[in-house]
Amino acid sequence: MNSQDLLAADTGMGAVTLRVADLDAMTAFYRDGVRLTVLVQEAARVVLGRPASGGGTVSAGGAVPAGGAVPPGGALDVPVVVLEHEPALRHASPGQAGLFHTAVVFDDRADLAAALYSVATRYPQSFTGSADHLVSNAFYFTDPEGNGVELYWDRDRTEWSWTHGSIDMDTVYIDPNAFLQEHLTPEALEHADARPARVGHVHLSVGDVAAAKAFYVDTLGFTTTAAMGSQALFVSAGGYHHHMAMNTWNSRGAGRRQQALGLGLVRIEVPAVDDLGALTTRMHDAGVQTADDGRTVAFDDPWANRIEVTTTGRG
């Protein structure tokens, strides 16, 4: 693949939109459990996030979506989750495509420990597992409406290993209580809401890994970083371990999604207008129908997961 067919190295992920039945309960989980801050609160829509890492302005895909103004000082806030109240919708049936988990990354292990402690103590039944993936430490939860949530911290890239172009990852058990004893600090816990965090990656359930590779790598422009045969695919831009992943563990053979509770929108951030233009051209050349409102380009993947790509350099 030519370099012009790849997403820019500085590509990242933006806020994930979830369609929810109980807006109050879901807001409470992400606010009081994960310790995100409410950035925008409307009758049928809540945006939650954290300060940007190291200050600066909101990145494109992290920008508060249309329909809600950034509050005072909010130029430094990065939305992580957008909750849209859709009480008329129902949960998808088992085996359907959609969200596997939204992964929130923290700058250091103390901040991860604070979020882990908070959600585990307030929502103890939501905990589903933990792992040292060699590149990261991760803890897994399920929110009140069944959406997967990963909270994680990355090791420095100098500690990552690659073999023949694939990132070396594993799943080694982490004792969450031992992790808390080693890394939780009173300062991180007290000021958790004000510490940086962002969407690090998004993991999807899909019907077929080969079709996922054809779309997300060959067309969209990510690079494969790891693969598990016909079970899972990990892709990224710029040598990250993965910005997105797709698996068939619960959804092999799934077709296009119907409107349902759960995943509403995945946001990808590219750094420049030219990057967005090149992506749009690739989509059109591949016959993918897109919608362009002057700020963002949106399209569906083969399972009708809605993807929106945006940049700070446009609009």
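The legends below describe an overall view and several close-up views of a predicted model.

**Figure 1. Overall view of the protein.** The protein contains 6 helices and 19 strands. Its C-alpha atoms fill a box of roughly 55 × 45 × 40 Å along the principal axes. The radius of gyration is 18 Å, which agrees with the value near 20 Å that a compact globule of 315 residues would have. Buried residues account for 54% of the 315 residues. Of the contacts between residues at least 6 apart in sequence, 70% join residues at least 24 apart. The exposed surface of the protein is about 13,200 Å², and carbon and sulfur atoms supply 49% of that area.

**Figure 2. Strand β16 and the strands paired with it.** Strand β16 spans residues 262–269, and 8 of its 8 residues are buried, so the strand is largely enclosed by the rest of the structure. Strand β1, residues 12–13, runs antiparallel to β16 and is joined to it by 2 bridges. Within this pairing, G12 has E269 of β16 as its bridge partner. Strand β2, residues 16–20, also pairs with β16 in the antiparallel sense, over 3 bridges. Here L18 is bridged to L263 of β16. Strand β19, residues 306–310, runs parallel to β16, and 4 bridges join the two. E269 of β16 has T310 as its bridge partner in β19.

**Figure 3. The largest nonpolar core and the surroundings of Y216.** The largest nonpolar core has 64 residues, and the members that touch the most other members are Y30, L151, Y216, M244 and F299. Apart from this core lies another one of 14 residues, including V105, A131, Y140 and I167. Within four places in sequence neighbours are left aside for Y216; beyond them, Y216 is in contact with L204, G221, F222, M244, M246, D301 and I307.

**Figure 4. G49 in strand β4.** G49 is placed in strand β4, which covers residues 45–51. This glycine is buried, with a relative accessible area of 0%. Not counting residues up to four places away in sequence, G49 touches L36, T37, L39, V78, P79 and V80. R31 is 18 residues from G49 in sequence, and the two C-alpha atoms are 8.8 Å apart in space.

**Figure 5. S205 in strand β12.** S205 belongs to strand β12, residues 197–205. Its relative accessible area is 7%, so S205 counts as buried, the cut-off being under 20%. With neighbours within four places in sequence left aside, S205 is in contact with Q96, A97, G98, L99 and F100, and also with N247, S251 and N305.

**Figure 6. Two loop residues with positive phi.** Most residues other than glycine have a negative phi. R35 is a residue other than glycine with a positive phi, near 70°. R35 is located in the loop between α1 (23–33) and β3 (37–42). With a relative accessible area of 12%, R35 is buried. L134 also has a positive phi in a residue other than glycine, near 75°. The loop that holds L134 lies between β7 (127–132) and β8 (136–142). L134 counts as partly exposed, at 39% relative accessibility.

Terms used: Residues numbered from 1 in each chain as written. Predicted model: local features only at pLDDT ≥ 70, side-chain atom pairs only at ≥ 80, totals over all residues. Heavy atoms only, no water. Buried < 20%, exposed > 50% of the residue type's maximum accessible area, 1.4 Å probe, protein only. Contact = heavy atoms within 4.5 Å. Core = buried A, V, L, I, M, F, W, Y, C linked by side-chain atoms within 4.5 Å. Pairing = 2+ DSSP bridges. Rg over C-alpha atoms; globule rule 2.2 N^0.38 Å. Areas by Shrake-Rupley, 256 points an atom, 1.4 Å probe, with all protein chains shown as cover.
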